[in-house]
Amino acid sequence: MKKMFWLVCLLAISMILVACNGNEGDESSTTDDANTNASSTDNTQATEATATKLEKLSIAFVPSRDPQEIITATEPLKELLTAELATLGYDVDKVDITVGTNYEAVGEALSAGTTDIGLIPGGTYVLYDDGAEVILTATRSGLNNNSDDPTEWNNNKPTTATADQATSYRALLIAGPSAKGRELATKVNNGEDLTFEDLNGANWNVMSSSSPAGYIYPALWLNEKFEKTITDLSKVVQADSYGNAFGRLAAGQTDVLVTYADARRDFEDVWTTDFERSTSIWDETDVLGVMPAIYNDTISVSKHSKIMDDKLKAALQQAFINIANSDAGKEVISIYSHEGYQIAKDSDYDNERKAQQLVQQLSN
């Protein structure tokens, strides 16, 4: 009986010890969970605490299209950029978008630090690279026309996009529906060479002097062919946007214009609506000259912006690349015929510098 008594006691003690150990295990598990939750909360708070606060991020666009059209089309960029930068460690209160009165105005704003980011052509960039730094180059769809021979463009209308992405584009000299425009187009399509006298007799529409397609490369083309430049032409009008330039061409106020290839794709619809032409832009216009390839537009940042540093530059590069890869982003950047972006470096635009130097020499 005594043995049985002690066995019962030992069994009871064992059960009590097991129960105690189990309780200690539960308490330990609960404590670990609490510590894990606390650590997770701390990490979230730390991430929020390390996000860089930006009260305003300003972006300026050049007026290659109607300014109000650009403002309307790029409105969604504010939310898209804010969201992308949030994932990259930036809390942006406001994104401000403006369109410069001309190309130079955006370059000057970057140099002065009054705008943080500028979407500007390569020619504008190299003129203002003392105050601007390129971070991205735009990519666009290639075109089915890319010949140096204008008759190949005219025999292969309309110009269409290809699946290939390109980092460069052409500038074109385009004749409109005016009597002089048709006279020049007929001569080119008949295989005859234009003379400088032919071109000097036409009313020209150009863009500002820092526009690669709208001024610089056409000036080089004139110099190469005739040892002349745009300043040697008798009748030149400067447009503040390509929209205005095509409007004047459609109205017969000008005979020829210089533009990027192939801008007619962007103005095909308004040619017969807003510009009130009864015939397609492809039937009423012809290419008279094709300029050498031009490196694509830039996204540049201000060297004098109070908020710009290497970390923000890297974040902006990634943010714009991500935006361009989204459907909503593609729609926004299509206003400039951009389809994507790739990392750029200053030396990519060395040829633009050479072009600018030559234009300046020719102007003196």
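Colleague: Which residues lie nearest the centre of the largest pocket?

Modeller: Happy to start there, keeping in mind that this is a predicted model. The largest pocket has a volume of about 600 Å³, and 36 residues line it. Those that lie nearest its centre are R140, Y169, Y260, A261 and S337.

Colleague: Which element gives the largest share of the lining of the largest pocket?

Modeller: Several elements give two or more residues to the lining of the largest pocket: β3 (117-120), β4 (132-143), β5 (161-166), β6 (168-169) and α9. The largest share is four residues, and the element supplying them is β4.

Colleague: Let's turn to D297. Is D297 buried or exposed?

Modeller: D297 sits in the loop between β12 (294-295) and β13 (298-302). Its relative accessibility is 11%. The cut-off for buried is under 20%, so at 11% D297 counts as buried.

Colleague: Which side chain is joined to that of D297 by a polar contact of 2.9 Å?

Modeller: The side chain of D297 has a polar contact of 3.1 Å with that of H338, so that one does not fit your value. The polar contact of 2.9 Å joins D297 to the side chain of R140.

Colleague: Leaving aside its neighbours within four places in sequence, which residues is D297 in contact with?

Modeller: R140 and H338, whose side chains have polar contacts with D297, both appear in this set. Leaving aside neighbours within four places in sequence, the full set is I120, P121, L136, T137, A138, R140, Y169, H338 and Y349.

Colleague: Now the interior. How many residues does the largest nonpolar core have?

Modeller: In soluble globular proteins, nonpolar side chains tend to be buried together. Here, 46% of the 364 residues of the protein chain count as buried. I59, L81, W204, L316, F320 and Y341 have the most contacts inside the largest nonpolar core, and its residues number 98.

Colleague: Which helix gives the largest share of this core?

Modeller: The protein chain has 15 helices and 14 strands. The largest share of the core is nine residues, and they come from helix α9 (residues 212-226).

Colleague: And L81: leaving aside its neighbours within four places in sequence, which residues is L81 in contact with?

Modeller: L81 is among the residues with the most contacts inside the largest nonpolar core, as are I59, L316 and F320. Leaving aside neighbours within four places in sequence, L81 is in contact with L57, I59, L316, A319, F320 and I323.

Notes: Residues are numbered from 1 along each chain as its sequence is written. This is a predicted model: local features need pLDDT of at least 70, side-chain atom pairs count only at pLDDT 80 or more; totals for chains, interfaces and linings use all residues. Side-chain values use heavy atoms; hydrogens and water are left out. Buried means under 20% relative accessible area, exposed over 50%, partly exposed in between (1.4 Å probe, protein chains only). A polar contact is a pair of N or O atoms within 3.5 Å; within protein, one must be able to donate a hydrogen and the other to accept it, and residues adjacent in sequence count only if both atoms are side-chain atoms. Contact means heavy atoms within 4.5 Å. A nonpolar core is a set of buried Ala, Val, Leu, Ile, Met, Phe, Trp, Tyr and Cys residues joined through side-chain atoms within 4.5 Å. On a 1 Å grid over the protein atoms alone, a cavity is a set of points where a 1.4 Å probe fits but cannot get out, and a pocket is an open set with protein on both sides within 12 Å along at least five of seven lines; lining residues have an atom within 4 Å of a point. Grid points are joined across faces, edges and corners, and a volume is the space filled by probe spheres set on the points.
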